[in-house]
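Me: I am new to this structure and would like to go through it step by step. Please set each value against its cut-off before you conclude.

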Amino acid sequence: MFYDKPHLNLESGAYLLDAARIILGIDPGLAHTGWGVIEQCGSRLGCVAYGCVATSPSQSLAERLLKIHHQVGAVIERFRPTCVGIETVWFGNNVTAAFATGQARGAALVACAEMGLSVGEYSPSQIKLAVVGEGTAEKEQVQYMVRHLLGLSRDPEPDHAADALAAAICHTTHEGKVFA
């Protein structure tokens, strides 16, 4: 299944430079936690890899959270990012889903903390504003702009991975700023 296999951006000839900064983006969710790794060298951004951790509702909550923790940890081990941009939990009408997302977010954050990574936390509207220029942008607009900004030949899929790449892009423009 695609979700557990990363997409490596080989078609664009992406390469890592010694001066490049590697940034991990995370879009947390209990069913699907998207992740994306970008490189930044000055103002240039490139996609290194992206994917999605999928968990099954047939698994216990503890097993699902453990899988998210382990697989995000494996992404960190493989790509060695220096920092992380992660989406905060959006509390809409579905409080149950918000709690599940918060737990998945916690599992991912523990993996980041274990590796000593600095973490920037951004709301969905901050991420959309940074990537699209509009805080209420639709998912398709985010996917399109992520493709454009990272020089990909197609929209990153699934949308959870595109959202994770967007969180990483947002981190390049917001890192170190304090939001109320």
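Me: Where does Pro28 lie, and why is Pro28 called buried or exposed?
Reply: In this predicted model, Pro28 sits in the loop between β2 (21-27) and β3. Its relative accessible area is 8%, and buried means under 20%, so Pro28 counts as buried. The C-alpha atoms of Pro28 and Cys52 are separated by 9.7 Å, with their positions 24 residues apart along the chain.

Me: What makes Ala49 count as buried or exposed?
Reply: Ala49 has 0% relative accessibility, which is under the 20% limit, so Ala49 is buried. Ala49 belongs to strand β4 (residues 44-54). Its C-alpha is 5.9 Å from that of Gly36, and the two are 13 residues apart along the chain.

Me: Which pattern does the protein chain follow along the sequence?
Reply: The pattern reads β-β-β-β-α-β-α-β-α-α-α. That comes to five helices and six strands. Of the 180 residues of the chain, 46% count as buried.

Me: How do you know what span to expect for helix α1?
Reply: Helix α1 (residues 61-79) has 19 residues, and at 1.5 Å a residue 27 Å is expected. From the first C-alpha to the last, α1 reaches 27 Å, close to that value.

Me: Which residues of α1 are buried, and why can they be said to line one face?
Reply: The buried residues of α1 are Arg64, Leu65, Ile68, His69, Val72, Gly73, Val75, Ile76 and Phe79. Seen down the helix axis, they fall within an arc of 165 degrees, so they line one face of α1. The face turned away from this buried side carries the exposed residues Ala62 and Arg78.

Me: Why does His69 count as buried or exposed?
Reply: The relative accessibility of His69 is 19%, and the cut-off for buried is under 20%, so His69 counts as buried. His69 lies in helix α1. His69 and Ala111 are 42 residues apart in sequence, while their C-alpha atoms are 5.6 Å apart in space.

Me: How many aromatic pairs are there, and why is the pair of Trp35 and Phe79 called stacked, edge-to-face or tilted?
Reply: The count comes to one aromatic pair. The ring centres of Trp35 and Phe79 are 6.0 Å apart, and rings pair if their centres lie within 6.5 Å. Their planes stand at 35 degrees; stacked needs under 30 degrees and edge-to-face over 60, so the pair is tilted. The pair links distant parts of the chain, with Trp35 in strand β3 (residues 32-41) and Phe79 in helix α1, 44 residues apart.

Me: Why are Trp35 and Phe79 called buried or exposed?
Reply: Trp35 has a relative accessible area of 6%, under the limit of 20%, so Trp35 is buried. Phe79 has 14%, also under 20%, so Phe79 is buried too.

Me: What is the phi of Arg80, and where is the place of Arg80?
Reply: Phi of Arg80 is near 50 degrees, a positive value in a residue other than glycine. Most residues other than glycine have a negative phi. Arg80 follows α1, in the loop between α1 and β5 (83-87).

Me: What kind of peptide bond joins Glu157 and Pro158?
Reply: The bond is cis, with omega about 0 degrees. Most peptide bonds are trans. Pro158 is found in the loop between α4 and α5.

Me: How do you know whether the span of α5 agrees with what is expected?
Reply: Helix α5 (residues 159-174) has 16 residues, which should span 22 Å at 1.5 Å a residue. The end C-alpha atoms are 22 Å apart, so the two values agree. α5 is mostly covered, as 13 of its 16 residues are buried.

Me: What volume does the largest pocket have, and which residues lie nearest its centre?
Reply: The volume of the largest pocket is about 490 Å³. The pocket is lined by 24 residues, of which Asp27, Glu87, Trp90, Pro124 and Lys139 lie nearest its centre. Helices α2 (95-114), α3 (124-132), α4 (139-150) and α5 each supply at least two residues of the lining. By class, the lining has eleven nonpolar, eight polar and five charged residues.

Note on methods: Residues are numbered from 1 along each chain as its sequence is written. This is a predicted model: local features need pLDDT of at least 70, side-chain atom pairs count only at pLDDT 80 or more; totals for chains, interfaces and linings use all residues. Side-chain values use heavy atoms; hydrogens and water are left out. Helices (H or I, at least four residues) and strands (E, at least two) are DSSP runs, numbered from the N terminus. The expected span of a helix is 1.5 Å times one less than its number of residues. Buried means under 20% relative accessible area, exposed over 50%, partly exposed in between (1.4 Å probe, protein chains only). On a 1 Å grid over the protein atoms alone, a cavity is a set of points where a 1.4 Å probe fits but cannot get out, and a pocket is an open set with protein on both sides within 12 Å along at least five of seven lines; lining residues have an atom within 4 Å of a point. Grid points are joined across faces, edges and corners, and a volume is the space filled by probe spheres set on the points. Ala, Val, Leu, Ile, Met, Phe, Trp, Tyr, Cys and Pro count as nonpolar, Asp, Glu, Lys and Arg as charged, and the others, Gly among them, as polar. The arc is that of the directions from the helix axis to the C-beta atoms.
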